[in-house]
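Please open the model in a viewer and keep the sequence beside it. The tour below proceeds by selections, each followed by a description of what is found there.

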Amino acid sequence: KALEDSYVDDSRNRDTNMGRKPLIESIGVSNFNTNDMTALLDTCRIKPFIYQGNVWTVLHDPKLMGLLSEHHILFQAYNIIHGIFDRKSAAPNAFAVLGKVGAHVWKKRG
């Protein structure tokens with residue numbers, strides 16, 4: 001209940017919650033689809049700071065990535081090496097992107 005009072009916008013409690021500091025300053029979410037993320041953003045008082053999702057989200061879900069960008073929510077990818085490197089033949093474009101990132105990091109190392 002305390003989490004709901006702090007995080008979810010419930011206009012019935014608005015008068016009693018005015019002036020109180022939230023118990024939560026930020027949250028992170030993981031693996032929400034676009035509809036779930038939209039519903040969350042429509043009902044929350046404190047928007048997520050970070051979204052953690054599979055690297056495939058970056059490559060294949062531009063609608064969700066656009067929503068995160070629009071709301072200034074950081075994206076943290078997981079499954080990068082296994083999801084791309086080990087499947088080079090299934091995802092040549094993703095492998096090319098990973099290669100460019102690796103080259104950029106290598107170049108910055110000096």
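Begin by selecting Asn31, which is partly exposed, with a relative accessible area of 47%. On this scale, buried means under 20% relative accessible area, exposed means over 50%, and partly exposed lies in between, using a 1.4 Å probe and protein chains only. Asn31 belongs to the loop between β1 (28-30) and α3. Its phi is near 65 degrees, a positive value in a residue other than glycine.

Before the next selection, some notes on the model are in order. The model is predicted, so local features need pLDDT of at least 70 and side-chain atom pairs count only at pLDDT 80 or more, while totals for chains, interfaces and linings use all residues. Residues are numbered from 1 along each chain as its sequence is written, and side-chain values use heavy atoms, with hydrogens and water left out.

**The whole chain**

Select the protein chain and display it as a cartoon. Its secondary structure comes to seven helices and three strands, where helices (H or I, at least four residues) and strands (E, at least two) are DSSP runs numbered from the N terminus. Along the sequence, these elements follow the pattern α-α-β-α-β-α-α-β-α-α. Of the 110 residues, 26% count as buried. Contact means heavy atoms within 4.5 Å. Among contacts between residues at least 6 apart in sequence, 48% join residues at least 24 apart. Switch to a surface view: the chain exposes about 8,000 Å², of which carbon and sulfur atoms supply 56%. Accessible areas come from the Shrake-Rupley method with a 1.4 Å probe, and for residues only the protein chains shown count as cover.

**Helix α3**

Next, select residues 34-43, which form helix α3. Which residues of α3 are buried? They are Thr34, Met37, Leu40 and Leu41. These residues cover an arc of only 125 degrees around the axis, which puts them on the same side of α3; the arc is that of the directions from the helix axis to the C-beta atoms. An α-helix has 3.6 residues a turn, so residues three or four places apart point the same way. Rotate the view to the face of α3 turned away from its buried side, and the exposed residues Asn35 and Asp42 appear.

Stay with Asn35, whose relative accessible area of 59% makes it exposed. At the N-terminal end of α3, Asn33 acts as a cap: a side-chain oxygen lies 3.0 Å from the backbone nitrogen of Asn35. The C-alpha atoms of Asn35 and Leu64 are separated by 8.8 Å, although the two residues are 29 residues apart along the chain.

Then select Thr34, which is buried, with a relative accessible area of 12%. Not counting residues up to four places away in sequence, Thr34 touches Asp61, Lys63, Leu64 and Leu67.

**Helix α5**

Two of those partners, Leu64 and Leu67, lead to helix α5 (residues 62-70), where they are buried together with Leu68. The three cover an arc of only 100 degrees around the axis, which puts them on the same side of α5. What does this buried set pack against? The buried residues of α5 pack against α3, β2 (50-54), α4 and β3 (74-78). On the other side of α5, the exposed residues are Pro62, Lys63 and Glu70.

Continue along the chain to His72, in the loop between α5 and β3. Phi of His72 is near 55 degrees, a positive value in a residue other than glycine. His72 is exposed, with a relative accessible area of 65%.

**Strand β2 and the return to Asn31**

Now select Asn54 in strand β2. Is Asn54 buried or exposed? Asn54 is buried, with a relative accessible area of 18%. Leaving aside residues up to four places away in sequence, Asn54 touches Phe75, Tyr78, Asn79 and Asn31.

**The nonpolar patch**

Finally, return to the surface view and select Val58, Leu59, Val97, Val101 and Val105, which make a nonpolar surface patch of about 370 Å². Patches are made of residues with over 30% relative accessible area and no salt bridge; like charges are joined within 9 Å, and nonpolar side chains (Val, Leu, Ile, Met, Phe, Trp, Tyr) within 5 Å. A salt bridge is a side-chain nitrogen of Lys or Arg within 4 Å of a carboxyl oxygen of Asp or Glu. Helices α4 (55-60) and α7 (92-109) each supply at least two residues of the patch, and α7 gives the most, with three residues. Leu59 lies in helix α4 and is partly exposed, with a relative accessible area of 32%.

Technical notes
Polar contact = N/O pair within 3.5 Å; in protein donor to acceptor, adjacent residues only side chain to side chain.
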